Amino acid sequence: YFGMAVSNNLLVCYLLFVVYGLYAAATEGIAKAWISNISRREDTATAIGTYTAFQSVASLIASAGAGAVWLWFGPVALFGISGCVAIGVAIYLTLIRIHRAL
């Protein structure tokens, strides 16, 4: 995200977008596999469908918010905020993992 925010090179932005797409493709199936493992066999399709429905609503809300930030403040602000949020989530998840290990 930060790279997209600060880069003036279109090729670099395309490369970062491809890397982001690879990340998204590599991690998307993991949640559905996890849901398949924790739900009862007869409820698997319902569980995955419910997850996907909530994920879609969350994406709609996030995309609308991102569009508003882009419109009012520009792409640099959007990608900067996204980068900060991503770092914050990474720190939070790391702290949870450390706390559980104790």
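Which residues does Ser7 touch, not counting residues up to four places away in sequence?

**View 1. Ser7 and its neighbours in the loop between H1 and H2.** Leaving aside residues up to four places away in sequence, Ser7 touches Val12 and Cys13. Ser7 itself sits in the loop that runs between helix H1 (2–6) and helix H2 (10–38). Zoom in on the side chain of Ser7 and you'll find one of its polar atoms 3.1 Å from the backbone nitrogen of Asn9. Keep in mind that this is a predicted model.

**View 2. The start of H2, with Asn9 and Leu11.** Here a side-chain oxygen of Asn9 comes to within 2.9 Å of the backbone nitrogen of Leu11. The backbone nitrogen of Asn9, for its part, is the atom that lies 3.1 Å from the Ser7 side chain.

**View 3. H2 from end to end.** With 29 residues, H2 covers 43 Å from its first C-alpha to its last, close to the expected 42 Å. Its buried residues are Cys13, Ala31 and Ile35, and they pack against H1 and H3. Cys13 turns up in the first view too, as a contact of Ser7.

**View 4. H3 and what covers it.** H3 has 30 residues and reaches 42 Å from first C-alpha to last, close to the 44 Å expected. Thr44, Ala68 and Val69 are buried in this helix, and the cover over its buried residues includes H2 and helix H4 (75–101). Just after H3 comes Gly74, with a positive phi near 100°.

**View 5. Thr46 on H3.** Thr46 belongs to helix H3. Its relative accessibility is 53%, so Thr46 counts as exposed. Leu95 is 49 residues away along the chain, and the C-alpha atoms of the pair are separated by 32 Å.

**View 6. The largest pocket.** This pocket holds about 820 Å³ of space. Its lining has 20 residues, and those nearest the centre are Tyr1, Tyr20, Tyr23, Ala24 and Ser59. H1, H2, H3 and H4 each chip in at least two residues of the lining.

**View 7. Confidence along the chain.** Mean pLDDT for the protein chain is 90, and 100% of its residues reach 70 or more. Which element has the lowest mean pLDDT, and which the highest? H1 is the lowest at 79, while helix H3 (residues 44–73) is the highest at 94. As a rule, where pLDDT is low, predicted coordinates shouldn't be read in detail.

Note on methods. Residues are numbered from 1 along each chain as its sequence is written. This is a predicted model: local features need pLDDT of at least 70, side-chain atom pairs count only at pLDDT 80 or more; totals for chains, interfaces and linings use all residues. Side-chain values use heavy atoms; hydrogens and water are left out. Helices (H or I, at least four residues) and strands (E, at least two) are DSSP runs, numbered from the N terminus. A polar contact is a pair of N or O atoms within 3.5 Å; within protein, one must be able to donate a hydrogen and the other to accept it, and residues adjacent in sequence count only if both atoms are side-chain atoms. Contact means heavy atoms within 4.5 Å. pLDDT is the predictor's confidence in each residue, from 0 to 100. The expected span of a helix is 1.5 Å times one less than its number of residues. Buried means under 20% relative accessible area, exposed over 50%, partly exposed in between (1.4 Å probe, protein chains only). On a 1 Å grid over the protein atoms alone, a cavity is a set of points where a 1.4 Å probe fits but cannot get out, and a pocket is an open set with protein on both sides within 12 Å along at least five of seven lines; lining residues have an atom within 4 Å of a point. Grid points are joined across faces, edges and corners, and a volume is the space filled by probe spheres set on the points.
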